[in-house]
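Welcome! Let's take a friendly look at how a helix and a sheet can sit together.

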Amino acid sequence: MKNNNASSANYGRYYAKAVHTETVGLDALAERIQRNSTAKKSDVLAVLTELAEVMRDELMASHVVKINGLGSFKIGLKSKYAKTDSEFNASQHISGCKVNFRPEYNVVSTGTYVDDEGNTKVKKVAIANLTKDMQLKQY
């Protein structure tokens with residue numbers, strides 16, 4: 001896709017953009033889970049619907065919700081700055097909230113290197129479990 005933002009340092013250059021071909025809803029997810037397990041679709045729908053409600057309750061209680069194999073969800077706030085802590089007023093300075101998602105990842109060793117002091121160090125990279133086996137296509 002071409003960058004058409006004239007104020008950007010990369011104006012006129014091209015970059016990758018994800019293309020989303022469809023939206024998969026709860027019903028389709030429940031259908032696939034039913035095919036891959038012994039649970040009925042109605043049971044899967046009931047559990048997934050309850051998961052959404054329980055996650056909302058836990059997030060509202062300021063908890064981080066971690067789902068193994070998927071990642072963690074937590075609340076983030078949109079806030080304006082105040083000059084001092086005594087001037088900060090939640091009703092005036094907090095303009096909204098959002099849900100932040102951090103995918104689960106594994107740290108993998110990719111080799112070694114020698115630092116400036118001559119110490120051998122291990123190179124590591126974090127790989128998100130959700131995206132590690134994805135195949136990319138050009139559209």
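On the other side of helix 2 from its buried residues, Arg 56 and Met 60 are exposed. Keep in mind that this is a predicted model. Let's follow helix 2 along its length, and then meet the sheet that it packs on.

**The helix and its two sides**
- Helix 2 covers residues 41-60, which makes 20 residues.
- From its first C-alpha to its last, helix 2 reaches 29 Å, close to the 28 Å expected at 1.5 Å a residue.
- Which residues of helix 2 are buried? They are Val 44, Met 55 and Leu 59.
- Seen down the axis of helix 2, these buried residues fall within an arc of 35°, so they line one face of the helix.
- A general rule helps here: an α-helix has 3.6 residues a turn, so residues three or four places apart point the same way.
- Just after helix 2, Ser 62 takes a positive phi of about 65°.

**What the buried side packs against**
- The buried residues of helix 2 pack against helix 1 (26-35).
- They also pack against strand 1 (65-67), strand 2 (71-79) and strand 3 (94-103).

**The sheet**
- Three strands form an open sheet in the order 1-2-3, and their pairing is antiparallel.
- Strand 1 and strand 3 are the edge strands, each pairing on one side only.
- On average, neighbouring strands of this sheet are turned by 25° against each other, direction ignored.
- Strand 1 and strand 2 run antiparallel and are joined by three bridges.
- Val 65 has Phe 73, in strand 2, as its bridge partner.
- Helix 2 packs on the sheet and touches strand 1, strand 2 and strand 3, with its direction at about 140° to that of strand 1.

Definitions and conventions:
Residues are numbered from 1 along each chain as its sequence is written. This is a predicted model: local features need pLDDT of at least 70, side-chain atom pairs count only at pLDDT 80 or more; totals for chains, interfaces and linings use all residues. Side-chain values use heavy atoms; hydrogens and water are left out. Helices (H or I, at least four residues) and strands (E, at least two) are DSSP runs, numbered from the N terminus. The expected span of a helix is 1.5 Å times one less than its number of residues. Buried means under 20% relative accessible area, exposed over 50%, partly exposed in between (1.4 Å probe, protein chains only). The arc is that of the directions from the helix axis to the C-beta atoms. Contact means heavy atoms within 4.5 Å. Two strands pair if DSSP finds at least two bridges between them. Axes are lines fitted to C-alpha atoms, for helices over the stretch in contact, and angles run from 0 to 180 degrees between N-to-C directions.
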